[in-house]
Amino acid sequence: MNPVRVLVVTAVEAERDAVARGLGPTTAVGRDDLPGREMLRVGCATDTSTASAPRTAAGPCTAPRRPLSTDLVAGGVGPAAAAAATDAALTVANVHGTPYHLVISTGIAGGFAPIADVGSVVVADRVIAADLGCQTADGFLSMDSLGFGTSEHACAPHLSAAVARVLGAVHAPVLTVSTVTGTAERAQDLRQRHGAAAEAMEGFGVAEAAAVHGVPLLELRTISNTVGPRDRAAWRIPDALAALRDAFGVLHNVLARGAPPPYT
Ligand SMILES: O=C(O)c1cccc(C(=O)CC[C@H]2O[C@@H](n3cnc4c(=O)[nH]cnc43)[C@H](O)[C@@H]2O)c1
């Protein structure tokens, strides 16, 4: 049986490796056509594009109840790097006739108080490009209002709601910014404009690539810091990475035992 194939895109390797710890033993995927980006795989895959049959640290794969094959890539920081890495992975998979069924943008994020505290988990209902547009004296004009396309993408509504419920996570918009918010004023502006739970720097880029390929999207974030005045010393990165590991342990079971694709 062909596996359900999931692509997970983080910004940095520390996030990718935290996800991997939650999912189980990984194997490096030898992909000559994805240079410079080591991809890790969890689970079995009848994927002829791999250089050799995947083996886990525990030995050859044994089929799970529902075959699930998850590829993990650290695509870089920011929406442009994330879009490029996601598009490359989706394109290569399509060329090999092994398309992905789901793309997940994930990592740590800043949380908007009091909606998402440090250490909590946020599952996006939609991703919003919060600083893509035009800043005027009268306020911010989004891409939609400028007539240049869209500033947001919906996440798979049923799946994202189910995942949020199982994780006990906040289910609300996650903003994508190219500039990390470092003042109380901008935090308040973004909170008022979007009612968002979190901000990070990649989700919209991943979403743009997923939309081009028609692949459903999730964004899952664990909160390392509160959005507002810059205080890097207050970021709780190890805690957020541990929460990321735990969330993906749960998410793996949801995907492995839940309704099969197409994800809606
Ligand atoms: O220094 C480390 O050990 C380390 C480990 C894991 C991740 C990092 C990062 O700096 C990741 C940058 C990544 O984090 C997201 N992020 C986190 N907080 C915010 C925020 O308040 N506003 C926007 N983005 C945030 C973002 O997606 C970055 O790509 C370091």
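A residue belongs to the shell around the ligand if its C-beta atom, placed from the backbone, lies within 6 Å of the ligand. With that in hand, the strand that gives the most to this shell in the predicted model is E7, with four residues.

Other parts of the chain chip in too. Helix H1 (13-23), strand E7 (102-111), strand E13 (198-200) and strand E14 (217-226) each supply at least two shell residues. Of the 20 residues around the ligand, the ones that come nearest are Ala11, Ala14, Gly110, Ala200 and Met201. Sorted by class, the shell holds 12 nonpolar, five polar and three charged residues.

Stepping back to the whole chain, there are seven helices and 14 strands. Out of 264 residues, 47% are buried. Among contacts with a separation of 6 or more, 76% are between residues 24 or more positions apart.

Strand E12 is a handy place to start looking around. E12 covers residues 170-176, and five of its seven residues are buried, so the rest of the structure largely encloses this strand. On one hand, E12 is joined by six bridges to strand E8 (residues 121-129), and the two run parallel. In that pairing, valine 123 stands opposite histidine 171 of E12. On the other hand, three bridges link E12 to E13, again in parallel, with leucine 175 opposite glutamate 199 of E13. The route from E12 to E13 passes through helix H5 (residues 184-194), and together these three elements make a right-handed β-α-β unit.

Then there is helix H4 (residues 157-167), where Leu159, Ser160, Val163, Ala164 and Leu167 are buried. Looking down the axis of H4, these buried residues fall within an arc of 130°, so they line one face of the helix. The general rule behind such a pattern is simple: an α-helix has 3.6 residues a turn, so residues three or four places apart point the same way. The face of H4 turned away from the buried side carries His158 and Arg165, which are exposed. As for what covers the buried residues of H4, the list includes E8, E12, E14 and helix H7 (237-257). Right after H4 comes glycine 168, with a positive phi near 65°.

Valine 123 ties several of these pieces together. This residue lies in strand E8 and has 28 C-beta neighbours inside 10 Å; it counts as buried because the cut-off is 20 or more. Leaving aside neighbours within four places in sequence, valine 123 is in contact with Ser160, Val163, Ala164, Leu167, Ala169, His171, Leu218 and Leu220. Among these partners, Ser160, Val163, Ala164 and Leu167 are also buried residues of H4, while His171 is the residue of E12 that stands opposite valine 123. Proline 157, for its part, is 34 residues from valine 123 in sequence and 11 Å away in space, C-alpha to C-alpha.

Finally, two peptide bonds deserve a mention. The bond from alanine 113 to proline 114 is cis, with omega near 0°, and proline 114 sits in the loop between E7 and E8. The bond from proline 261 to proline 262 is cis as well, with omega near 10°; proline 262 is found in the segment after H7.

Definitions and conventions. Residues are numbered from 1 along each chain as its sequence is written. This is a predicted model: local features need pLDDT of at least 70, side-chain atom pairs count only at pLDDT 80 or more; totals for chains, interfaces and linings use all residues. Ala, Val, Leu, Ile, Met, Phe, Trp, Tyr, Cys and Pro count as nonpolar, Asp, Glu, Lys and Arg as charged, and the others, Gly among them, as polar. A residue is buried if 20 or more other C-beta atoms lie within 10 Å of its own, exposed if 12 or fewer, and partly exposed in between; C-beta atoms are placed from the backbone. Two strands pair if DSSP finds at least two bridges between them. A crossover is right-handed if, with the strands pointing away from the viewer, the path from the first strand over the helix to the second runs clockwise. The arc is that of the directions from the helix axis to the C-beta atoms. Two residues are in contact if their C-beta atoms, placed from the backbone, lie within 7 Å.
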